[in-house]
Amino acid sequence: MDCLFCKIIAGEIPSSKVYEDDMVYAFNDIDPQAPVHILIIPKEHIASVNEVNESNSAVVAHIFEVAAKLAKEKGLEDGYRIVTNIGDDAGQTVKHLHFHMMGGRSFGWPAG
């Protein structure tokens, strides 16, 4: 498989890891859009939210548990944003489910 995030999980491509367990891997984004910008990804290759189903949905719940833990560790008491893009029209550039956790600054809506 030629998936960038699968290669990062396998250690074939270096990353700035901030968290890892048996289900997920989290690392600092290489192009941060906020003082804290972490990507949280399942170790299992799931292309997008469109592929989440009964057999793999537990990993999504676990990702949000990890996000809450990381937010506390990173001092994001004033809030943070979780974003995932699904498909080309939404700007999904890596076809592996991933959640951007961003914080440390104020955000506007819908972007900013």
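**Exercise 1. Cysteines**

Task: Determine how many disulfides the structure holds, and explain why Cys3 is or is not in one.

Solution. The starting point is the criterion, since a disulfide is taken here as a pair of cysteine sulfur atoms within 2.5 Å. By that criterion the structure holds zero disulfides. The next step is to look at Cys3, whose sulfur has its closest cysteine sulfur in Cys6, 3.7 Å away, which is too far for a bond. Cys6 is likewise in no disulfide, the nearest cysteine sulfur being that of Cys3. The last step is accessibility, where buried means under 20% relative accessible area, exposed over 50%, and partly exposed in between, with a 1.4 Å probe and protein chains only. Cys3, at 7%, counts as buried, whereas Cys6, at 21%, counts as partly exposed.

A note on the model: it is predicted, so local features need pLDDT of at least 70 and side-chain atom pairs count only at pLDDT 80 or more, while totals for chains, interfaces and linings use all residues. Residues are numbered from 1 along each chain as its sequence is written, and side-chain values use heavy atoms, with hydrogens and water left out.

**Exercise 2. The sheet**

Task: Work out in which order the five strands form the sheet, and which strands lie at its edges.

Solution. Strands (E, at least two residues) and helices (H or I, at least four) are DSSP runs numbered from the N terminus, and two strands pair if DSSP finds at least two bridges between them. Beginning with β1 and β2, three bridges join these antiparallel strands, and the two form a hairpin with three residues between them. Within this pair, Glu20 has Tyr25 of β2 as its bridge partner. Continuing to β3, five bridges join it to β2, again antiparallel, and here Phe27 has Leu39 as its bridge partner in β3. For the remaining pair, β4 and β5 are antiparallel over four bridges, with Ile82 standing opposite Met101 in β5. The result is an open sheet in the order β1-β2-β3-β5-β4, with antiparallel pairing. Its edge strands are β1 (17–20) and β4 (80–83), each of which pairs on one side only. Neighbouring strands are turned by 20 degrees against each other on average, direction ignored; axes are lines fitted to C-alpha atoms, for helices over the stretch in contact, and angles run from 0 to 180 degrees between N-to-C directions. As for β2, four of its five residues are buried, so this strand is largely enclosed by the rest of the structure.

**Exercise 3. The cores**

Task: Find which elements supply the largest nonpolar core, and which residues Ile38 is in contact with.

Solution. A nonpolar core is a set of buried Ala, Val, Leu, Ile, Met, Phe, Trp, Tyr and Cys residues joined through side-chain atoms within 4.5 Å. In soluble globular proteins, nonpolar side chains tend to be buried together. The largest core has 18 residues, and those with the most contacts inside it are Ile38, Ile40, Leu70 and Met101. At least two residues each come from β2 (24–28), β3 (36–42), α2 (58–73) and β5 (99–103), and the largest share, seven residues, comes from α2. Apart from this core lies another, of nine residues, among them Ile8, Phe27, Ile41 and Val94. Turning to contacts (heavy atoms within 4.5 Å), and leaving aside neighbours within four places in sequence, Ile38 has partners that include Val18, Ala26, Leu70, Phe99 and Met101. Finally, α2 lies across β1, β2, β3, β4 and β5, running at about 155 degrees to β3.

**Exercise 4. Three loop residues**

Task: Decide whether Asn56, His98 and Asp78 are buried or exposed.

Solution. Asn56 is placed in the loop between β3 and α2 and, at 7% relative accessibility, counts as buried. Leaving aside neighbours within four places in sequence, Asn56 is in contact with Glu44, Ile46 and Glu51, and a polar atom of its side chain lies 3.1 Å from the backbone oxygen of Glu51. His98, in the loop between β4 and β5, is also buried, at 6%. The backbone oxygen of His96 lies 2.6 Å from a polar atom of the His98 side chain. Asp78, by contrast, lies in the loop between α2 and β4 and is exposed, with a relative accessible area of 85%.

Terms used: A polar contact is a pair of N or O atoms within 3.5 Å; within protein, one must be able to donate a hydrogen and the other to accept it, and residues adjacent in sequence count only if both atoms are side-chain atoms.
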